[in-house]
Amino acid sequence: MATTERDYYEILGVERTATDAEIKRAYRKLAQQWHPDVNKDPTAHDRFTEINEAYQVLSDPDRRGRYDMFGRAGVGGAGAPGFDTFGGFSDIFDAFFGGGAAAAGGARRGRPLPGADLRYDLRITFEEAVKGSEKEIEFPVLVRCDTCLGSGAKPGTEPTSCPQCNGRGEVRSIRQTMLGQMVNVSACPRCGGEGRIVETPCETCRGEGRIERRRTLRVTIPAGIDEGHQIRLSNEGEVGPRGGAAGSLYVAVHVQPHPSLKRDGTELYYEAQVSIAQAALGTKITVPTVDGAEEVEVKPGTQPATEIRLRGKGVPHLRRGVRGDLHVLVDVVVPTRLSKRARELLAAYAEESGESVETGHGGIREKLGLG
Ligand SMILES: [Zn+2]
Ligand SMILES: [Zn+2]
């Protein structure tokens, strides 16, 4: 199996800005050159697998976007099986070159059914989402049976071509109608569309070609990921029965909320409370940031709902990596309970400023027992 870390663009020999047409052209050329039926070089199998893997990702706008963003972690790690059988090669060959290997055999081969996608719910902390991290996950998954190498047939025996559909995997019925000939094509009921039948099942997997195992994977969580995002790891889902391709694993990310920071995309928000005196005279407050607590100056004369912006203390943008800001919203709190001394001082302050604090039920001095 090709376990290479080469860049997909490099494998296809195209620029990162290549158009879909350029990617397709490069792929066709390389696939023709390295197809193991044509090229007898011992590395041809691996090269062809690698070329297919690269093309599968780069030809799909969604997966290409993820690859650009997350690298292989976004589209499945290296060593992902994918096209590991020559049956798979033939299908690709058919699609592009109209015939070839399978046509020579006479009939279109039925294909193994692909495996199911899996979902893994991963909980991470607020800080891990902002800074990115590596997580090890473990989950049960259906993998290829080692005893029969996925064929489902007992070692020493082989699956046979389905007699009902002659290995095509589909059955056709032709009817004459008033409008002409109607051809009805459906999956073969005998082999379920696979085209092959296991007569002597493998004892390990009972003819399924796959068994359950626990798989451990390291998942790269990119900095800036947010609640509800999913990371798709292609080929890490279940393999299909009897040699079917593997599905994808979707890692659904859940981010624990921060006790005092709120997040909106790349921006973080923190609400700080200061007293009237602190707002008027200035003070220093401690703001929690993802890089640790930070002292922030509140200037003398700060008004209610003033925003202090800590540039670059927010969350990195997933694609661009540029960090947003941390917005500190300063709330000026009016005291509701005052000590006797505090009342006297406030009243003295009001008098000094020439402010009226009459309540209509007697002067403030009287109320305070100073009259
Ligand atoms: Zn088996
Ligand atoms: Zn059949």
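A hairpin of 2 residues links strand S4 to strand S5; helices (H or I, at least four residues) and strands (E, at least two) are DSSP runs numbered from the N terminus. The model is a predicted one, in which local features need pLDDT of at least 70 and side-chain atom pairs count only at pLDDT 80 or more, while totals for chains, interfaces and linings use all residues. Residues are numbered from 1 along each chain as its sequence is written, and chains are lettered from A and ligands numbered from 1 in the order in which they are written.

S4 (residues 170-177) and S5 pair in the antiparallel sense over 8 bridges, where pairing requires at least two DSSP bridges between the strands. One of the bridge partners is Val-185 in S5, matched with Arg-172. S5 (residues 180-187) is hardly covered, with 0 buried residues among its 8. Here a residue is buried if 20 or more other C-beta atoms lie within 10 Å of its own, exposed if 12 or fewer, and partly exposed in between, with C-beta atoms placed from the backbone.

Turning to the interior, the largest nonpolar core has 26 residues, of which Val-251, Val-253, Leu-268 and Tyr-270 touch the most other members. Such a core is a set of buried Ala, Val, Leu, Ile, Met, Phe, Trp, Tyr and Cys residues joined through C-beta atoms within 7 Å. Elements giving two or more residues to this core include helix H8 (126-131), strand S9 (249-255) and strand S11 (267-275), and S9 gives the most, with 4 residues. Because domain 1 (8-255) and domain 2 (262-367) both give residues to this core, the core lies between them; the domain bounds come from an automatic or database assignment.

A second, separate core of 17 residues includes Ile-23, Ala-26, Leu-30 and Val-75.
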